[in-house]
Amino acid sequence: MPEDRESKDSKQSSKPRSRSRRGGVQRRAKTDGGKPKGGTESPGKPEPKSEKPSARADKRHRPNSPKVRKGSARLPEDERKPTVNYIRELKGKRPIVALTAYDAPMAKLVSDAGVDFLLVGDSVGTTHLGFETTIPVTLDAMVHHTAAVRRGNPECLLVADLPFGEASLSLDRLIEACRRLMQEGGADAVKLEGGRDIADDIERLVATGIPVLGHVGLLPQTVKAIGGYRKFANDREEAEEIFTDAIALEEAGCFAIVAEMLQEKVAAELAKHLGPPLIGIGSGAGCDGQILVTPDLLSLTPGPPPSFVKPYADLAHEASKALGRFVGDVRSGRYPTK
Ligand code: KIV
């Protein structure tokens, strides 16, 4: 994850520029009980085509279901549902919690910890694939990692990131990319970086039955264009831009929106204004929930973690000690024992 390189606090109040970029939403699947605020009619959002709630519910209660781990927030009676409605309806009830995973074992660990949803982020590029940014991550790589996470059998909603460039070429290509993430990868929903520029396409995806998680603020896929990672909504103009983008995403039917590295006051105000939950990363405590990159949380990401991350374990250090002991034991004849 990017380092927070800027911390200038914005004292600006942010007001929405418009709630109706395109004069409202026309195409939308059946209503599902979402409750956007602010007087906008609540159009229905479809459930993912790949969801099989009853099959998943059975798995959750299977006899060999994993035990609740010490320190886990997971309830013995797991109330989570792998649906976008479940995420949407948590808004205002309790903070939503999400983490990333990129392979089967970590998917199981993260799910068993009790997260509400799990993201196969294109952060896989920097956390696992040795890239400097997320830009080189391909659709094939995202499908590969999403399928691995699905095989880990997580018991919560599984969202997959749409990688760089896939939203830019044509709507057909975008739908095909989402189809692959859902049909080949087993994702329940997709995440797209961007605001009003891609809102029309998101509306089409939602109408097609593809649930979409939005992403505003710092968009890591634009790092080459913006010249580095930084905090967003530092002044009134930028805060208004973010509001306009987030409102466009709400109107397009996003079930929730990630807000990355927004000034905290702006993020808190935006969370109050929006109908869908605002899931913050480096955007303060005023959001409706939090998401972090799991290897950052566990100190497994190479390099210093972003300033907003609280490390909950130092697994790189533990692994390094264990591996060193093994090498020493083999060389000195302590392993294997005779
Ligand atoms: O790729 C990713 O992990 C993300 C999170 C930072 C939200 O987009």
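**Exercise 1. How many bridges pair S5 and S6, and in which sense do these strands pair?**

Solution. Before we start, keep in mind that this is a predicted model.
- Step 1: Find strand S6 at residues 256–260, then look across to S5. The two pair in the parallel sense, and 5 bridges hold the pairing.
- Step 2: Pick out one bridge. Gly-217 has Glu-260 in S6 as its bridge partner.
- Step 3: Now look at S5 itself, residues 212–217. Here 6 of the 6 residues are buried, so the rest of the structure largely encloses this strand.

**Exercise 2. Work out which strand S5 pairs with over 2 bridges, and what kind of unit the two make with helix H7.**

Solution.
- Step 1: Go to strand S4, residues 189–191. S4 pairs with S5 over 2 bridges, again in the parallel sense.
- Step 2: Check who faces whom: Val-190 sits opposite Val-212 in S5.
- Step 3: Add helix H7, residues 199–208. Together, S4, H7 and S5 form a β-α-β unit, and that unit is right-handed.

**Exercise 3. Follow strand S7 and describe its faces and its partners.**

Solution.
- Step 1: Strand S7 covers residues 278–281. On one side lie Leu-278 and Gly-280, on the other Ile-279 and Ile-281, and all of them are buried, so to speak of its faces, both are covered.
- Step 2: Take the S6 side. S6 and S7 are parallel partners over 4 bridges, and Ile-257 stands opposite Leu-278 in S7.
- Step 3: Trace how the chain gets across. From S6 it passes through helix H10 (residues 264–273) and on to S7, in a right-handed β-α-β crossover.
- Step 4: Take the S8 side. Strand S8 (residues 289–292) runs parallel to S7, with 2 bridges joining them. Ile-279 has Gly-289 in S8 as its bridge partner.

**Exercise 4. Put the strands together: what do S1 to S8 form?**

Solution.
- Step 1: Count the elements. The protein has 12 helices and 8 strands.
- Step 2: Go round in order, S1-S2-S3-S4-S5-S6-S7-S8. With parallel pairing, these 8 strands make a closed barrel. From one strand to the next, the twist averages 25°.
- Step 3: Try the start of the barrel order. Strand S1 (residues 96–100) pairs with strand S2 (residues 117–120) in the parallel sense over 3 bridges. Ala-98 has Phe-117 in S2 as its bridge partner.
- Step 4: Look for H10 against the sheet. H10 packs there and touches S6 and S7, and its direction makes about 165° with that of S7.

**Exercise 5. List the residues around the ligand and sort them by class.**

Solution.
- Step 1: Collect the names: Thr-100, Leu-119, Gly-121, Asp-122, Ser-123, Asp-161, Val-258, Glu-260, Ile-281, Ile-291 and Val-293.
- Step 2: Sort them. The shell has 5 nonpolar, 3 polar and 3 charged residues.
- Step 3: Spot some familiar names. Glu-260, for one, is also the bridge partner of Gly-217, and Ile-281 is one of the buried residues of S7.

**Exercise 6. Is Leu-139 buried or exposed?**

Solution.
- Step 1: Locate Leu-139 in helix H5, residues 139–151.
- Step 2: Count its surroundings. There are 20 C-beta neighbours inside 10 Å, so Leu-139 counts as buried.
- Step 3: See what Leu-139 touches. Leaving out residues up to four places away in sequence, the contacts are Pro-163, Glu-166, Ala-177 and Arg-180.
- Step 4: Compare with the whole: 43% of the protein's 338 residues count as buried.

Key: Residues numbered from 1 in each chain as written. Predicted model: local features only at pLDDT ≥ 70, side-chain atom pairs only at ≥ 80, totals over all residues. Near = placed C-beta within 6 Å. Nonpolar A, V, L, I, M, F, W, Y, C, P; charged D, E, K, R; others polar. Buried ≥ 20, exposed ≤ 12 C-beta atoms within 10 Å, placed from the backbone. Pairing = 2+ DSSP bridges. Right-handed = clockwise from strand over helix to strand, strands pointing away. Axes fitted to C-alpha atoms, helices over the stretch in contact; angles between N-to-C directions. Contact = placed C-beta atoms within 7 Å.
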